[in-house]
Amino acid sequence: MNFEHLIQINDPLNPLLDPLTREQVWQGLLLRVERPQLFVAGLDNCTILKREGDTLERELDYGVATVRDRVTLTPTERVRYEIAPTEAHVGGTLTMTIEAPDELQLFLRFEYSTTLPEPSGTDERQTLEIVKSAYREADIDTVRLIRQFAHTGDLPDALH
């Protein structure tokens, strides 16, 4: 399954939306890499197994299930998660890219590619739509938390 969507971070036509800088969004994405428990429901623990340049290997504990992933950083632009498949968890990739089509607008693009098969029946299509909706809601929540951390100043200096 492949799925992508955009969330607008800065909208010059919406005065109710406090703008963020690219750096603030980047720091929020780094926080999600370093402390994913703040962003991912059901995640009990994250252990960083290895750091090498702009790549991290992590082990994520969801109760009795353990997932491994590799995170690749392209500073101030992109975070790519490569999730290894297990018997209990679908594998795939998630890429979060900061996009700025001009100096006033800022977006965060979420791109998913999973090992879920393309649906062949009505039930499978409905299940796939539920999965996409869950991804979208989780991403909206990620942006909400990034905004919260950016505006309260609660971004750890260690992530710079």
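Is D18 buried, partly exposed or exposed? D18 counts as partly exposed, because its relative accessibility is 45%. On the scale used here, buried means under 20% relative accessible area, exposed means over 50%, and partly exposed is what falls in between (1.4 Å probe, protein chains only). We'll come back to D18 after a look at the whole protein.

First, some ground rules. This is a predicted model, where local features need a pLDDT of at least 70 and side-chain atom pairs count only at pLDDT 80 or more, while totals for chains, interfaces and linings use all residues. Residues are numbered from 1 along each chain as its sequence is written, and side-chain values use heavy atoms, with hydrogens and water left out.

So how confident is the predictor? The pLDDT, its confidence in each residue on a scale from 0 to 100, averages 90 over the protein, and 96% of the residues score at least 70. The weak spot is residues 155-160, where the pLDDT is below 50; in the model this stretch has 13 contacts beyond near neighbours in sequence. A contact here means heavy atoms within 4.5 Å.

Now for the overall layout. The protein has 2 helices and 7 strands, and going along the sequence they follow the pattern β-α-β-β-β-β-β-β-α. These elements are DSSP runs numbered from the N terminus, with helices being H or I over at least four residues and strands being E over at least two. Taken along the principal axes, the C-alpha atoms fill a box of roughly 45 × 40 × 25 Å. The radius of gyration is 16 Å, which agrees with a compact globule, because one of 160 residues would come out near 15 Å. That value is taken over C-alpha atoms, and the globule rule is 2.2 Å times the number of residues to the power 0.38.

Of the 160 residues, 35% are buried. Among contacts with a separation of 6 or more, 44% join residues 24 or more positions apart. The protein exposes about 9,100 Å², with carbon and sulfur atoms supplying 51% of that; the area comes from the Shrake-Rupley method with a 1.4 Å probe. As for charge, there are 16 positive and 28 negative side chains, and the centres of the two sets lie 2 Å apart. Lys and Arg count as positive and Asp and Glu as negative, leaving out His and the chain ends, and each charge is placed at NZ of Lys, CZ of Arg, CG of Asp or CD of Glu.

Back to D18, which is found in the loop between β1 (2-10) and α1 (22-34). Not counting residues up to four places away in sequence, D18 touches N10, R147 and H151. R147 is 129 residues away along the chain, yet the two C-alpha atoms are separated by 8.5 Å.

Moving into helix α1, you'll meet E23, which counts as partly exposed because its relative accessibility is 37%. E23 and E77 are 54 residues apart along the chain, with their C-alpha atoms separated by 9.5 Å.

Next comes Q37, in the loop between α1 and β2 (45-52). At 33% relative accessibility, Q37 is partly exposed too. Its contacts, leaving out residues up to four places away in sequence, are L43, D44, N45 and C46. From Q37 to L60 is 23 residues in sequence and 9.2 Å in space, C-alpha to C-alpha.

T76 is worth a stop for its backbone. Most residues other than glycine have a negative phi. T76 is not a glycine, but has a positive phi of about 60°. You'll find T76 in the loop between β4 (65-74) and β5 (78-83), partly exposed with a relative accessible area of 29%.

Finally, helix α2 covers residues 122-152 and holds T142. T142 counts as buried because its relative accessibility is 0%. Leaving aside neighbours within four places in sequence, T142 is in contact with R32 and F39. K132 is found in helix α2 as well, and at 16% relative accessibility K132 also counts as buried. With the same neighbours within four places left aside, K132 is in contact with M1 and F3. K132 and N45, by contrast, are 25 Å apart in space, C-alpha to C-alpha, and 87 residues apart in sequence.

Methods: pLDDT is the predictor's confidence in each residue, from 0 to 100.
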